[in-house]
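Got the viewer open? Here's a tour, one selection at a time.

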Amino acid sequence: MAELAALEDPKARKVNEKHGDDHGVNLGKLRALAKRLKTQQELARRLWETDDTAAKLLATLVCRPKAFERDELDAMLRAARTPKVHDWLVNYVVKKSSHAEELRVAWSADSDPVVASAGWALTTERVAKKPEGLDLVELLDVIEAEMKDAPDRLQWAMNSCLAQIGISHAEHRARALDIGERLEVLKDYPTPPNCTSPFAPIWITEMVRRQHNE
């Protein structure tokens, strides 16, 4: 904890707080610390139990994802209230656990939009890597009906799923593009130079173009 405190940078905190993250640790330095610590499950649990965002982020990097029980991961997600902790927990821990599919189904139907967004993030992963058994038409139906008015975090996750369906599944691409054009979600999102816009029609078109150019 003392080492994490020493990495605190007021400028980094200012930038992070704009995104809802209450820590000031440079993520490159945090990753370097995790690399040095290597996998330590007990340390990860103790770091997670602190109320410190940087410590929770470090916990996701040094834990053993398959060591967590389903209910433990569910409780951890509900305690992960800053966006970065939530994202790292889903991407670095839950996706690698044997409970990912069960949690995907449960979280997608959760009434808490932040929890539901985790379910959608896991669905996007399946759309890209293991779509067998998913009803992509039904997913597009839900996105079409609910994405426009969804709270920010949930809307972002649904939009990512929409884009992934359009990118990975040519047979659904025209509909995915049409939904994106009509709903206009994230159409005006400020995008830095050399980055792809999260507006689904632009995102889909650009990623498909890159695939064809490879």
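Helices here are DSSP runs of H or I, at least four residues, numbered from the N terminus. With that numbering, helix 5 covers residues 53-62, and Lys56 is found there. Keep in mind throughout that you're looking at a predicted model.

**The whole chain**

Start with everything in cartoon. The chain has 13 helices and zero strands, so expect no sheet colours, by the DSSP rule for strands. Turn the C-alpha trace around: along its principal axes it spans about 55 × 40 × 35 Å. The radius of gyration is 18 Å, which agrees with the value near 17 Å that a compact globule of 214 residues would have. Colour by accessibility next, and 45% of the 214 residues count as buried. If you draw contacts between residues at least 6 apart in sequence, 61% of them join residues at least 24 apart.

**Stop 1: Lys56**

Now select Lys56 in helix 5. What is the nearest side chain of opposite charge to this buried lysine? That's Asp51, 5.3 Å away, and Lys56 has no salt bridge. The cut-off is 4 Å from a side-chain nitrogen of Lys or Arg to a carboxyl oxygen of Asp or Glu, so the 5.3 Å between Lys56 and Asp51 doesn't qualify. Show the surroundings of Lys56 too: leaving aside neighbours within four places in sequence, Lys56 is in contact with Leu47, Trp48, Thr50 and Val85.

**Stop 2: helix 8 and its partner across the chain**

Select residues 100-108, which is helix 8, and show side chains for its buried residues: Ala100, Leu103, Arg104 and Trp107. Look down the helix axis: these buried residues fall within an arc of 110 degrees, so they line one face of helix 8. What does that set pack against? Bring up helix 6 (70-79) and helix 9 (113-129), and you have the answer.

While helix 8 and helix 9 are both on screen, add Glu101 and Arg126. They form a salt bridge, with the closest N and O atoms 2.9 Å apart. This pair links distant parts of the chain, with Arg126 in helix 9 and Glu101 in helix 8, 25 residues apart. Arg126 is buried at 14% relative accessibility, while Glu101 is partly exposed at 34%.

**Stop 3: the loop after helix 9**

Move on to Lys130, in the loop between helix 9 and helix 10. Is Lys130 buried or exposed? At 53% relative accessibility, Lys130 counts as exposed. For a distance check, pick the C-alpha atoms of Lys130 and His86: these residues are 44 apart along the chain, and the atoms are separated by 23 Å.

**Stop 4: helix 12**

Select residues 173-183. The buried residues of this helix, helix 12, are Arg173, Ala176, Ile179, Gly180 and Leu183. Seen down the axis, they fall within an arc of 130 degrees, so they line one face of helix 12. Add helix 10 (136-146), helix 11 (152-168) and helix 13 (200-213) to see what the buried residues of helix 12 pack against.

Next, show Asp141, Glu144, Arg175, Asp178 and Arg182 as sticks: these five are linked in a network of salt bridges.

Then step just past the end of helix 12 to Glu184, which takes a positive phi of about 55 degrees. The side chain of Glu184 forms a salt bridge with Lys187, the closest N and O atoms being 3.4 Å apart. Both ends of that bridge are partly exposed, Glu184 with a relative accessible area of 40% and Lys187 with 39%.

**Stop 5: helix 13**

Select Glu206 and Arg210. Both lie in helix 13, four residues apart, or about one turn of the helix. Their side chains meet in a salt bridge, 2.7 Å from N to O. Arg210 is partly exposed, with a relative accessible area of 36%. For the overall tally, the structure holds 20 salt bridges.

**Last stop: the cysteines**

Finish with Cys63 and Cys195. Cys63 is buried, at 7% relative accessibility, whereas Cys195 is partly exposed, at 46%. How many disulfides are there? The rule asks for a pair of cysteine sulfur atoms within 2.5 Å, and by that rule the count is zero.

Key:
Residues numbered from 1 in each chain as written. Predicted model: local features only at pLDDT ≥ 70, side-chain atom pairs only at ≥ 80, totals over all residues. Heavy atoms only, no water. Buried < 20%, exposed > 50% of the residue type's maximum accessible area, 1.4 Å probe, protein only. Helix = DSSP H or I, 4+ residues; strand = E, 2+ residues; numbered from the N terminus. Arc of directions from axis to C-beta. Contact = heavy atoms within 4.5 Å. Lys, Arg positive; Asp, Glu negative; His and termini not counted. Rg over C-alpha atoms; globule rule 2.2 N^0.38 Å.
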